[in-house]
Amino acid sequence: MWGIIRQKVGAGGFPVPILEQSLPRLRPAVSAWRRYSSAAKEMTVRDALNSALDEEMSADPKVFLMGEEVGEYQGAYKISKGLLEKYGPDRVLDTPITEAGFAGIGVGAAYYGLRPIVEFMTFNFSMQAIDHIINSAAKSNYMSAGQINVPIVFRGPNGAAAGVGAQHSQCYAAWFGACPGLKVLAPYSSEDARGLLKAAIRDPDPVVFLENELLYGESFPISAEALDSSFCLPIGKAKIEREGKDVTITAFSKMVGYALKAAEILAKEGISAERFVTKQVINLRSIRPLDTATINASVRKTNRLVTVEEGFPQHGVGAEICTSVIEESFIYLDAPVERIAGADVPMPYAANLERMAVPQVEDIVCAVKRACYRSVPMTATA
Amino acid sequence: MAIWLRRSRNLAHYLKAEKGFWKVPNQTRLSPCFFNPEISSSATLTGENCGNPPSFLGNSPTLFGSRRFESIKAGREELDLEDENGGHQNQAMDFPGGRISFTSEMRFVSESPRERIPCYRVLDDNGHPIMHSNFVEVSKEEALKMYTSMVTLETMDTILYEAQRQGRISFYVTSIGEEAINIATAAALTPHDVVLPQYREPGVLLWRGFTLQEFANQCLGNKADYGKGRQMPIHYGSNKHNYFTVSSPIATQIPQAVGAAYSLKMDRKDACVVTYFGDGGTSEGDFHAGLNFAAVMEAPVVFICRNNGWAISTPVSQQFRSDGVVVKGKAYGIRSIRVDGNDALAVYSATRTAREMAITEQKPILIEALTYRVGHHSTSDDSTKYRLVDEIEHWKTARNPIARFRKWVNGTGWWSDEDESELRANVRKQLLQAIQVAEKAEKPPISDLFTDVYESLPSNLCEQEELLRESIKRHPQDYPSDVPT
């Protein structure tokens with residue numbers, strides 16, 4: 001009976017809550033069954049990053065961590081908790097307040113064979129070190145014709161947190177993503193965080209690793225495979241978080257969560273329409289190199305595209321994705337590309353204004369509807 | 001004296017008992033002695049360590065002042081000592097960072113010293129060793145290698161500068177006037193020491209064995225260039241010579257040198273890092289961060305500042321108002337020396353010693369080498385526009401470092417005038433030939449446009465390379481014939 005009712009739902013009518021209400025006695029069994037079969041373990045992004053750092057430092061004595069408050073304070077956001085105690089002050093360095101200084105030192109150490117991980121308290125402060133990141137780290141391998149490679153990782157929180165104002169909230173994905181010689185990664189879930197950070201540390205090229213402060217405390221299910229110390233995700237491959245066939249949504253970092261929530265909302269709302277609007281949500285994972293192959297394959301299937309990012313719209317990641325899709329899959333597009341981005345203003349502090357300056361789930365829902373001709377088109381900024 | 005000692009012992013006893021009042025934390029973390037800040041011992045008041053005799057037995061006004069407090073703390077005596085500067089030290093207190101003694105005299109430390117830090121030199125202007133100067137001896141072989149390298153460097157600079165004027169290379173930077181710094185510092189190092197240059201130190205690479213042909217190849221950007229034609233001229237780099245590729249932004253090499261030194265330190269290598277910069281470079285934030293950090297990290301790095309008086313058109317008087325660069329070392333807790341940069345023996349001695357200190361004591365050292373930039377900043381500059389021709393001539397002739405060193409090697413009988421003309425003719429000939437060979441050589445292939453952006457070629461660059469090749473195939477007449485595909 002359970003099987004028959006499930007089939008009816010699939011065919012397109014019964015909302016899930018009604019179904020659940022009508023089968024109270026079966027629910028416990030179903031949930032128990034689900035618990036045994038899926039990944040039971042959950043891990044916060046913070047723990048995922050901490051475990052990745054720990055494992056890579058343990059595996060390679062040349063890996064060391066450097067930044068403000070990473071040692072005694074256990075990390076400004078506690079990402080490096082326990083590492084000073086375990087590896088000692090030679091490998092976990094508390095630096096003076098000079099981003100230019102310690103980024104330069106990291107680059108120099110990388111020139112001479114160490115594998116530094118440089119932590120910026122937020123990527124907003126990386127602006128004080130950007131010459132070392134771009135002119136030295138990114139370009140050295142090329143300018144020295146392969147004589148000097150720079151296996152360095154610059155990591156830290158990127159993008160908006162909550163109520164921290166303009167100089168603590170900018171997203172730098174587009175800035176670093178523009179520069180050849182760098183690799184730029186933006187994890188979302190704990191699995192992303194573990195796999196991509198390990199890949200970044202092992203990579204011989206300089207990597208900018210953009211985390212998100214609000215995601216640090218969020219818990220995600222994590223598979224046994226991802227918990228293994230040799231686990232590594234490939235750089236340059238996006239992940240399809242949710243299958244769908246009506247519209248492609250690209251997002252990275254926190255916006256992946258918003259995009260997934262928007263997908264849920266649309267899945268429920270789609271009841272009143274002729275058919276479900278299913279969205280294929282792509283978690284970019286890698287800003288540079290951008291997985292244009294996956295994005296284009298998806299757009300060729302769905303024919304509609306919505307890009308979502310937290311950063312400023314002009315010259316943003318969405319602009320690059322849009323152009324790439326037009327270059328490669330123009331004839332497949334059935335609607336103009338919708339670009340959701342943050343407001344084109346420095347981030348305001350007041351909570352109500354901040355909320356309006358960052359894309360919200362409703363904005364993504366509206367954009368999807370516009371792309372599917374379900375509402376009146378308008379300019380696509382938040 | 002005996003009375004004083006007895007009193008001081010009582011006070012010491014009292015102080016130890018009254019730790020709470022003084023709020024003295026754990027003694028092991030305190031640095032200097034109570035009375036004499038120069039001596040690092042724990043705070044004892046027995047007087048053994050004090051260089052200054054107490055004068056509280058005299059008519060010191062502060063003694064009367066301190067008596068005011070007697071009623072508050074009965075039985076406690078205030079020792080009033082006059083320090084060497086005439087201030088009065090009543091007590092010392094602990095602050096974060098250590099113990100500081102007080103003075104009741106409000107005195108600002110002057111912004112400019114009465115006397116500038118003197119400059120270490122070994123040879124006088126006539127190439128004679130100054131009496132009683134202490135310096136590190138050089139052998140005849142080394143001295144002659146130094147001299148011939150200085151001449152080679154000067155000749156290379158002159159000829160390549162001319163080549164740029166003739167349009168054969170696009171850009172050049174000379175080190176004229178700074179040959180002693182280039183060669184003598186290089187001679188004082190070992191091949192294992194890692195060098196992070198600014199851009200006016202090709203002599204270091206020359207000393208280490210970079211050939212004239214290799215220099216010419218880089219300037220002409222041909223296939224044999226170790227940089228694969230990617231950089232402007234004079235941006236030399238060679239891993240096998242432990243000379244990191246020249247990078248244009250000023251002073252970025254300073255914190256990078258500290259990082260490399262940290263790596264050497266972790267490996268416990270018997271080597272140090274040496275980094276060069278000019279007077280202008282000391283204004284960059286990276287200079288401050290690098291020196292500060294080096295002292296904190298105790299990194300084995302030698303900082304060599306070529307203070308040549310000019311940063312393009314900015315004279316040092318507009319660059320900083322301190323007594324040059326040597327005093328800045330002290331501000332960061334770095335041992336420093338000022339040396340006559342046009343005296344090859346002085347530069348050699350100072351660098352050799354600095355290197356030993358940096359490695360054995362694992363700490364940074366700063367050398368300020370005073371000199372003069374005889375040439376223009378680069379081929380894009382005409383320095384006669386902002387400085388007097390007479391001044392340039394004076395430093396080119398009367399203060400010439402090569403001439404001075406020649407007088408010395410002549411004086412020792414190690415070098416003759418015939419050797420001189422033969423050397424100059426030889427080097428000139430070699431150089432002209434090297435340039436010719438470099439000009440005729442093939443340029444780097446197209447594939448070098450795309451490689452080394454990353455360790456391995458990414459797919460988008462593969463695509464772009466293919467597109468480029470197709471384009472060339474379709475329009476071969478528009479493609480330069482001397483560039484190989």
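This passage describes the fold content of chain A and its interface with chain B in a predicted model.

Chain A comprises 382 residues, of which 55% are buried, and its secondary structure consists of 15 helices and 14 strands. Contacts in this chain between residues at least 6 apart in sequence join, in 80% of cases, residues that are at least 24 apart. The surface that chain A exposes amounts to about 16400 Å², with carbon and sulfur atoms supplying 57% of that area.

At the interface, 41 residues of chain A are in contact with 37 residues of chain B, and the two chains bury about 3300 Å² between them, 61% of this area lying on carbon and sulfur atoms. Of the area that chain A buries against chain B, 25% is supplied by A:Y112, A:Y142 and A:Q147, which is more than any other three residues provide. With respect to polar interactions, 0 salt bridges are found across the interface of chain A and chain B, whereas 15 residue pairs, both members at pLDDT 80 or more, are in polar contact.

Two helices of chain A, α6 (99-111) and α7 (130-143), each supply at least two residues of the side that touches chain B, and the largest share of that side, 9 residues, comes from α6(A). When the residues on the side of chain A that touches chain B are grouped by class, 20 are nonpolar, 14 are polar and 7 are charged.

How values were computed
Residues are numbered from 1 along each chain as its sequence is written. Chains are lettered from A and ligands numbered from 1 in the order in which they are written. This is a predicted model: local features need pLDDT of at least 70, side-chain atom pairs count only at pLDDT 80 or more; totals for chains, interfaces and linings use all residues. Side-chain values use heavy atoms; hydrogens and water are left out. Contact means heavy atoms within 4.5 Å. Buried area is the accessible area (1.4 Å probe) that two parts lose on being put together, summed over both. A salt bridge is a side-chain nitrogen of Lys or Arg within 4 Å of a carboxyl oxygen of Asp or Glu. A polar contact is a pair of N or O atoms within 3.5 Å; within protein, one must be able to donate a hydrogen and the other to accept it, and residues adjacent in sequence count only if both atoms are side-chain atoms. Helices (H or I, at least four residues) and strands (E, at least two) are DSSP runs, numbered from the N terminus. Ala, Val, Leu, Ile, Met, Phe, Trp, Tyr, Cys and Pro count as nonpolar, Asp, Glu, Lys and Arg as charged, and the others, Gly among them, as polar. Buried means under 20% relative accessible area, exposed over 50%, partly exposed in between (1.4 Å probe, protein chains only). Accessible areas come from the Shrake-Rupley method with a 1.4 Å probe; for residues, only the protein chains shown count as cover.
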